[in-house]
Amino acid sequence: MNNLFNKFSKWMCGITSDKYAHFLCSMLIAFIASALLFALVSLLYLPISKNGSAVLGFGVAYIIGVVKEKIDENKGGAFDSSDLVVDILGAITGALMFII
């Protein structure tokens, strides 16, 4: 058990802080976008489920993540696909948090 904990902690320490920021920002964007879309569409008396607004919230966070990486690429950096993977994981988490 101790060996498993050591492997896990070594893996966690190897993740750069940039990835944590990507995850948290995408999670918050997806959650807030889902909530706002659900509230706005409900105010217009249009039918929308929590699942539908969560999918749209995920899409908003995903698009923002892609645009952010394209901006980095245009500024001379590289398009970091690992950042995008972490963005997707954060967006999925935020969308699921809204559904729950």
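**Figure 1. Leu43 and the nonpolar surface patch.** Leu43 is located in helix H2 of this predicted model. With a relative accessibility of 62%, Leu43 counts as exposed, because the cut-off for that class is over 50%. Together with Leu28, Phe31, Ile32, Leu36, Leu40 and Met97, Leu43 makes up a nonpolar surface patch of about 690 Å². Helix H2, which covers residues 17-43, gives the most to this patch, contributing six residues.

**Figure 2. Helix H2 and its buried residues.** The 27 residues of H2 reach 39 Å from the first C-alpha to the last, which is close to the 39 Å expected at 1.5 Å a residue. Its buried residues are Lys19, His22, Ser26, Met27, Ala30, Ala33, Ser34 and Val41, and these pack against helix H3 (50-74) and helix H4 (81-99). An α-helix has 3.6 residues a turn, so residues three or four places apart point the same way. After H2 comes Tyr45, which has a positive phi, near 60 degrees.

**Figure 3. Salt bridges around Lys19.** Of the five salt bridges that the structure holds, one joins the side chains of Asp18 and Lys19, at 3.9 Å from N to O. The two residues are covered to unlike degrees: Asp18 counts as partly exposed at 34% relative accessibility, whereas Lys19 counts as buried at 16%. Lys19 also forms a salt bridge with Asp80, in which the closest N and O atoms are 3.4 Å apart. Because Asp80 lies in the loop between H3 and H4 while Lys19 belongs to helix H2, this pair ties together parts that are 61 residues apart in sequence. Asp80 is itself partly exposed, with a relative accessible area of 26%.

**Figure 4. Lys19, Asp83 and the shared network.** A salt bridge also forms between Lys19 and Asp83, whose closest N and O atoms are 2.6 Å apart. This pair links distant parts of the chain, with Lys19 in helix H2 and Asp83 in helix H4, 64 residues apart. Both Lys19 and Asp83 are buried. Through salt bridges that share partners, Asp18, Lys19, Asp80 and Asp83 are joined into one network.

**Figure 5. The setting of these views in the whole protein.** The secondary structure comes to four helices and zero strands, so that the elements run α-α-α-α from the N terminus on. Of the 100 residues in the protein, 24% are buried. Among contacts between residues at least 6 apart in sequence, 67% join residues at least 24 apart. The accessible surface of the protein comes to about 6,800 Å², and 75% of this area belongs to carbon and sulfur atoms.

Conventions:
Residues numbered from 1 in each chain as written. Predicted model: local features only at pLDDT ≥ 70, side-chain atom pairs only at ≥ 80, totals over all residues. Heavy atoms only, no water. Helix = DSSP H or I, 4+ residues; strand = E, 2+ residues; numbered from the N terminus. Buried < 20%, exposed > 50% of the residue type's maximum accessible area, 1.4 Å probe, protein only. Contact = heavy atoms within 4.5 Å. Areas by Shrake-Rupley, 256 points an atom, 1.4 Å probe, with all protein chains shown as cover. Patch = residues over 30% accessible without salt bridge, like charges linked within 9 Å, V, L, I, M, F, W, Y side chains within 5 Å. Salt bridge = Lys/Arg side-chain N within 4 Å of Asp/Glu carboxyl O. Expected span 1.5 Å × (residues − 1).
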